[in-house]
Amino acid sequence: MAEPVPYTPDLEDEEEAVVQRIRAQQAGFAELDREPRPDVPGPVTVDVHGERFVVPLTVGDVRAALSAELRPVFDGEIAAAAPATVGRLVRKWALEVIPGDELDRVDVLLRAERQAAGLGTAAA
């Protein structure tokens, strides 16, 4: 049985910061989903904390960025997807090729999508 985590204000503040970050990310993607999206000509390069990331945003670019082992899984999911879910699947798979922890990868993807949509940049 796991030991209970003792209450500490620092831990609570850190958890609250993570929750707020996730909410901001969700709001950012919701904003993008409400906006008409221009065609994205290819991967987008974004700078986050001094690092450059090449982020695939189209079905073809995400597929090309995946390993040979993951491409058939990606192809199967895309082929079986309802039209309304394709964007969500592209995001899910784009996150597979962005390095970093999950929250940082989501920030990178959000920044790339905002840049591609001409909406500036997301906080990162």
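Is Arg 91 buried or exposed? In the predicted model examined here, Arg 91 is buried, with a relative accessible area of 14%, a value that falls under the 20% cut-off used for that class. The side chain of Arg 91 nevertheless takes part in a charge pair, since it meets that of Glu 113 in a salt bridge with an N to O distance of 2.8 Å. Glu 113 belongs to helix 5 and Arg 91 to helix 4 (residues 86-97), so the pair ties together parts of the chain that are 22 residues apart in sequence. Glu 113 likewise counts as buried, at 4% relative accessibility.

With regard to the overall architecture, the protein contains 5 helices and 2 strands, and its elements, read from the N terminus, follow the order α-β-β-α-α-α-α. Of its 124 residues, 29% count as buried.

Helix 5, which covers residues 102-116, is made up of 15 residues and reaches 21 Å from its first C-alpha to its last, close to the 21 Å expected at 1.5 Å a residue. This helix is mostly covered, in that 11 of its 15 residues are buried. The buried set includes the nonpolar residues Leu 103, Val 106, Val 108, Leu 109, Leu 110 and Ala 112, and charged residues also appear in it, namely Arg 105, Asp 107, Arg 111, Glu 113 and Arg 114. Within helix 5, Ala 112 is buried with a relative accessible area of 0%. The C-alpha atom of Ala 112 is separated by 9.1 Å from that of Asp 47, although the two residues are 65 residues apart along the chain.

Helix 4 can be described in a similar way. Its 12 residues should span 16 Å at 1.5 Å a residue, and the end C-alpha atoms are 17 Å apart, which agrees with that expectation. The buried residues of helix 4 are Leu 89, Val 90, Arg 91, Trp 93, Ala 94 and Leu 95, so that the arginine paired with Glu 113 is listed together with nonpolar residues of the helix.

Attention may next be given to the charge pairs. Side chains of opposite charge can pair when their charged atoms come close. The count for the model comes to 7 salt bridges, among them one between Arg 21 and Asp 104, in which the closest N and O atoms are 2.5 Å apart. Arg 21 lies in helix 1 and Asp 104 in helix 5, so this pair ties together parts that are 83 residues apart in sequence. Both partners count as partly exposed, with a relative accessibility of 28% for Arg 21 and 34% for Asp 104. The side chain of Arg 21 also meets that of Asp 107 in a salt bridge, at 2.6 Å from N to O, and this pair again links distant parts of the chain, with Asp 107 in helix 5 and Arg 21 in helix 1, 86 residues apart. Asp 107, at 10% relative accessibility, counts as buried, whereas Asp 104 counts as partly exposed. Through shared partners, the salt bridges join Arg 21, Asp 104 and Asp 107 into one network.

Helix 1 (residues 9-34) also holds Glu 16, a residue that is partly exposed, with a relative accessible area of 40%. Together with Glu 12, Asp 13, Glu 14 and Glu 15, Glu 16 forms a negative surface patch. The residues of such a patch make no salt bridge by definition, and Glu 16 therefore stands apart in this respect from Arg 21, which is placed in helix 1 and is joined to two aspartates in the network described above.

A further contact between separate parts of the chain concerns Ser 67, which is placed in the loop between helix 2 (59-65) and helix 3 (71-80). Ser 67 is partly exposed, with a relative accessible area of 32%. Ser 67 and Val 97 are 30 residues apart in sequence, while their C-alpha atoms are 8.9 Å apart in space; Val 97 is itself the last residue of helix 4, which comprises residues 86-97.

Key
Residues are numbered from 1 along each chain as its sequence is written. This is a predicted model: local features need pLDDT of at least 70, side-chain atom pairs count only at pLDDT 80 or more; totals for chains, interfaces and linings use all residues. Side-chain values use heavy atoms; hydrogens and water are left out. Patches are made of residues with over 30% relative accessible area and no salt bridge: like charges are joined within 9 Å, nonpolar side chains (Val, Leu, Ile, Met, Phe, Trp, Tyr) within 5 Å. Accessible areas come from the Shrake-Rupley method with a 1.4 Å probe; for residues, only the protein chains shown count as cover. A salt bridge is a side-chain nitrogen of Lys or Arg within 4 Å of a carboxyl oxygen of Asp or Glu. Lys and Arg count as positive and Asp and Glu as negative; His and the chain ends are not counted. The place of a charge is taken as NZ of Lys, CZ of Arg, CG of Asp or CD of Glu. Helices (H or I, at least four residues) and strands (E, at least two) are DSSP runs, numbered from the N terminus. Buried means under 20% relative accessible area, exposed over 50%, partly exposed in between (1.4 Å probe, protein chains only). The expected span of a helix is 1.5 Å times one less than its number of residues.
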